[in-house]
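Biologist: Please take a close look at a single loop residue in this model and its surroundings. Then work outward to the rest of the structure.

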Amino acid sequence: MLQRFLDPATLAGLSGLDLIAKTVVDGFVAGLHRSPDFGFSQEFAEYRAYTPGDDLRHVDWNVFARSERCYLKRYRGETNTQLLILLDTSASMSFGGAPVNKLDYARYVAASLSYLAHEQRDAAGLIVFDEDVVNYVAPSTRQGQLFRLLHAIEKAEKGTRTDFAKPFAHFQNFLKRRGMVVVLSDFYEQPETIVKTVAPLRFRGNDVILFHVLDPQEIAPTLRESSLLIDVETKEAIEVSPDYVQHEYRPKMDAHIGALQTQARAAGLDYFLMNTGRPLDEGLREYLAVRQGRM
Amino acid sequence: MGFLAPWFLAGLAAVGLPVWLHLLKQHKTTPLPFSSLMFFERRTQSSIKHRRLRYLLLFALRTALVALLALAFARPFVNSAAVASARGGKLQVLAIDNSFSMRQDARLDRAKSEAAQSLSSLRPKDRGVVLALGSQAHLMGEPSGDLNGLRAEIRAIQPSDDRGSYAELARVLRSLAQSANMPVEAHLFSDMQKSSMPPGFADLALGQGIRLATHPVANQTLANFTVENVTAPRRLYDPKKVRIQATVMASGGAAGRRRVALLLNGREAAAKPVDVSANGRATAEFIGLDAPYGMNRGEIRIDSGDAFAADDHYYFSVERADPRPVLFVHAARDGRDLLYYRMAIESARDAAFTLQAASPDQAASLPLARYAFVVLSDAGEISASFEQALRSYVAAGGSVLIALGPSSSAHKRVPVSDEPIRETRYAARDAARFETVTTLDAAHPATRQAGNWAGVKFYRSARLEPGADRVLAKLADDTPLLVERQMGDGRVLTFASTFDNLANDFPLHAGFVAFVEETAHYLAGLDDRPANFTVSSYLDLRTGREASGAAIEVLNPQGARAMTLAESARAQNIQLTEQGFYEVRRPNRHNELIAVNPDRRESDFDVISPETLALWQNTGQGSRVASAASGEVERKPVDFWWYVMILVLALAVAESLVGNKQLTVDKEAV
């Protein structure tokens, strides 16, 4: 049942991003257990005997009045963090077969993350970029922030080329507070360049998650015959035979993914490969696992 | 190699299918947008080329598959000779020319020596056969691989007086190639005389599967004199009337004066010098020959002084005899017929007969057996006893010539032969009312050389009913003029007119003398065969008169019997294989002396040009046209289409494997 709602093909049939995000998150969260952490929320958890040094503000004076014993009243934990979503809209992100391409898939993920952050009372922001910063929504918990985010995600269209260096240098200016940074891109760049560009975000105490969005045809393309492949960004054309795809492209792509994953983790970055042919929950689960680590 | 169904080769056009699949369709590419070509490098082009190279293997397999399929349906075949060649065996024929010319300067010994040396090239799978080549090819033994046996066969070849014939060699090689069922490699050891070539080049065609190698033992023309021919009478009746002509021939640039000697029974009887021009001929004539009675051995000899002395003499035989009497029986009313007949028979070139005239009554008392033949010239009424005596004479082998005049026509039948006389036909003499001869049997000995009878006018003739008798001449009104009837061992020749220049004007024509002479020789049993023969010709031993069971002895030039006893009793003829004098002894004492000389073409040492030899050898290079022209039977073809089909199946399996391996990606795409 859960898989059916999170299937990209099913989501493509829904009209708006808000509905898609709500469908994804609600369906996803419904299956999760409650958080075992304690915090400042209004939900009571347990009583504990007072020990010297405890904050007197947590003493339940009603219990003390009835029993002259000091007990501390504990509630379930409640934390706020800042989520910044970096959405790559370069031309290569528009590649993909029906019903969704990589950009659509990335928008679903971004919308779902925004909705999830909104539900968590987290401040969520968005940066849309290709070879430059296209759009920026500052992180906030203000009323209407979710709709601003969804609107910005909705407006994100196919851009031009991908250039990580220029927009990431620009991101440094927007990140004034520690939080989580989610990068949604197909990362068609050398792994060393990507990690070298993204790693400075991690130095400020941010948790960085790289969502590597790839179409199944990019991971394991199949050709019936020799074809003339045209790069959607550079318009360069190369004649490719099925035999080459079978025996040379796939190992190269696997090596690229492996290298990116290894080098990202070595730099303290979280990496997750998002296959657009698979449901979205895997990506959300990864996000929550990282967010839980921050509490 | 050929095809039994060549129209199926049109299927080779289907080879275009794999060409289209691999070359035309291969280059068709579909533009396809892709997110990034980061992992597609320019090196990909070489990869595509590599892919094409691998496809070429598949392409080659498919092309070969289609081509071989069309080939299999066209049913290819090879000749059995080619198959035998593939198996490695061949028949090596060693043809050694032992003709008369090979006697010159030990040419035959050199040929035999070279032939023995060539045996070293005989491989274990090969078989060899030795031929002695003259006018006929004699196999010295069966084909075998025994080298010692083959060497012995070579040594056994003796020089002969025969003439060489390369046409005979070609015929025997074709025959051997057919029977041996293996390729034939012929080696000819010869002096390569041009005169041994046949008149038509087609007779030299070797046929398919025969290779000819020539080993000349002489390669230059020799200057040579030879006695080419001698003309001498076979029988001699008057020594003074004999004339002997000898022709001396020069060849190879020889020229000069030569002494020509006439030898009789080993003794020189006369000699004359002659001047022979270069490559020309000169004739020496000898008048008169005082030969003793009986058979005489004559020889013409020249002092040539050239390199080939074996052809400097020429043998001939001559028989000295008395003229034979002929009985001329006539009615004695007038002597016109006797006069004309006597003049004619005495004018004959050899004066072989003397004429004795008699009336029928006189003749009745004469012993007929002593006469060569009897002439009844319009004898009229003859006595029954004389007629019976004539019948007995004819039955015993005698001959009678009957001329039918007015006296004979009254009896309504021809005497002796009893042929009916229907009527006597007359023609007016003044108004060109005469009959002429329109039909003349030129094959009969009595009329063979009688000349033209067209101008002879016949005014009166008796019309006979020839029945089954042979009609030798007819008049224009279909009246039989000359009729022959066989009676016992003898014969009766009936002339339906007279010899008196009244019933016809035949005695006034030149043909009359020839007619009288020829009929006289025929009726007297003097055959006109030549007394001189060439080596390898055949001598008829039995004419109609000799019973087949009678033994006839033939002694060869060495005096030995040339035939076995069984052959003596049955043989109809004998081949004269040596030069010299053959003696033929018959039971009726009609003995003969036959002179045999080598063919004088052997004396011409002009050799065959290399171009002609090359042309001859090329007739054995597998030309089917040449084979057909020579009438050679085509070899049985060996059809091997099923081998091709097995190859097709193997290729199909290989194509499936290669295609399955190379096109795996395509299958995934589907």
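Modeller: The residue to start from is A476(B), which sits in the loop between β24 (470–475) and β25 of chain B. The model is predicted, and what follows is computed from it. A476(B) counts as exposed because 12 other C-beta atoms lie within 10 Å, and the cut-off for exposed is 12 or fewer. Apart from neighbours within four places in sequence, A476(B) has contacts with E435(B), T436(B) and T438(B). F434(B) lies 42 residues away from A476(B) in sequence, and the C-alpha to C-alpha distance between the two is 9.4 Å.

The two strands that flank this loop belong to an open sheet of eight strands in chain B, ordered β18-β17-β19-β20-β26-β25-β24-β22, with mixed pairing. Its edges are β18 (353–358) and β22 (437–440) of chain B, each of which pairs on one side only. From one strand to the next the twist averages 15 degrees. T438(B), one of the contacts of A476(B), falls within the residue range of the edge strand β22(B).

On the far side of the loop, β25 (residues 480–487) of chain B pairs with β26 (residues 490–495) of chain B through six bridges, in the antiparallel sense. Within that pair, L482(B) is opposite F495(B) of β26(B). In regular strands, side chains alternate between the two faces of the sheet.

A helix covers part of this sheet. Helix α11 (residues 510–524) of chain B lies across β17 (324–330), β18, β19 (373–377), β20 (399–403) and β26 of chain B, and its direction makes an angle of about 145 degrees with β20(B). A separate, second core of 58 residues includes L376(B), A473(B), F506(B) and V513(B). Of these, A473(B) lies within the range of β24(B), the strand before the loop, and V513(B) lies within that of α11(B).

Elsewhere in chain B, β21 (residues 421–426) has little cover: among its six residues the count of buried ones is zero. Strand β21(B) is joined by five bridges to β23 (residues 460–464) of chain B, and the two run antiparallel. I421(B) has L464(B) as its bridge partner in β23(B).

Another open sheet in chain B has four strands in the order β27-β32-β31-β29, again with mixed pairing. Its edge strands, β27 (532–534) and β29 (553–555) of chain B, each have a single partner strand, so one side of each lacks a neighbour in the sheet. Neighbouring strands here are turned by 30 degrees against each other on average, with direction ignored. Three bridges hold β29(B) to β31 (residues 580–585) of chain B in an antiparallel arrangement, and L555(B) has E583(B) as its bridge partner in β31(B).

Helix α4 (residues 107–118) of chain B gives a view of one-sided burial. It has twelve residues and spans 17 Å from first C-alpha to last, close to the 16 Å expected at 1.5 Å a residue. Its buried residues are R107(B), L108(B), A111(B), K112(B) and A115(B). Viewed down the axis of α4(B), these fall within an arc of 135 degrees, so they line one face of the helix. An α-helix has 3.6 residues a turn, so residues three or four places apart point the same way. The buried residues of α4(B) pack against β4 (91–97), α5 (147–155) and β7 (184–190) of chain B, while D109(B) and Q117(B), on the other side, are exposed.

For chain B as a whole, the secondary structure amounts to 16 helices and 33 strands. Of its 670 residues, 38% count as buried. Among contacts in chain B with a separation of 6 or more, 75% are between residues 24 or more positions apart.

The largest nonpolar core has 60 residues, with V182(A) and L184(A) making the most contacts inside it. Helix α5 (residues 102–119) of chain A supplies the largest share of that core, eleven residues. Beyond four places in sequence, the contacts of L184(A) include I85(A), L87(A), V109(A), F211(A) and V213(A).

Definitions and conventions:
Residues numbered from 1 in each chain as written. Chains lettered and ligands numbered in written order. Predicted model: local features only at pLDDT ≥ 70, side-chain atom pairs only at ≥ 80, totals over all residues. Expected span 1.5 Å × (residues − 1). Buried ≥ 20, exposed ≤ 12 C-beta atoms within 10 Å, placed from the backbone. Arc of directions from axis to C-beta. Contact = placed C-beta atoms within 7 Å. Pairing = 2+ DSSP bridges. Axes fitted to C-alpha atoms, helices over the stretch in contact; angles between N-to-C directions. Core = buried A, V, L, I, M, F, W, Y, C linked by C-beta atoms within 7 Å.
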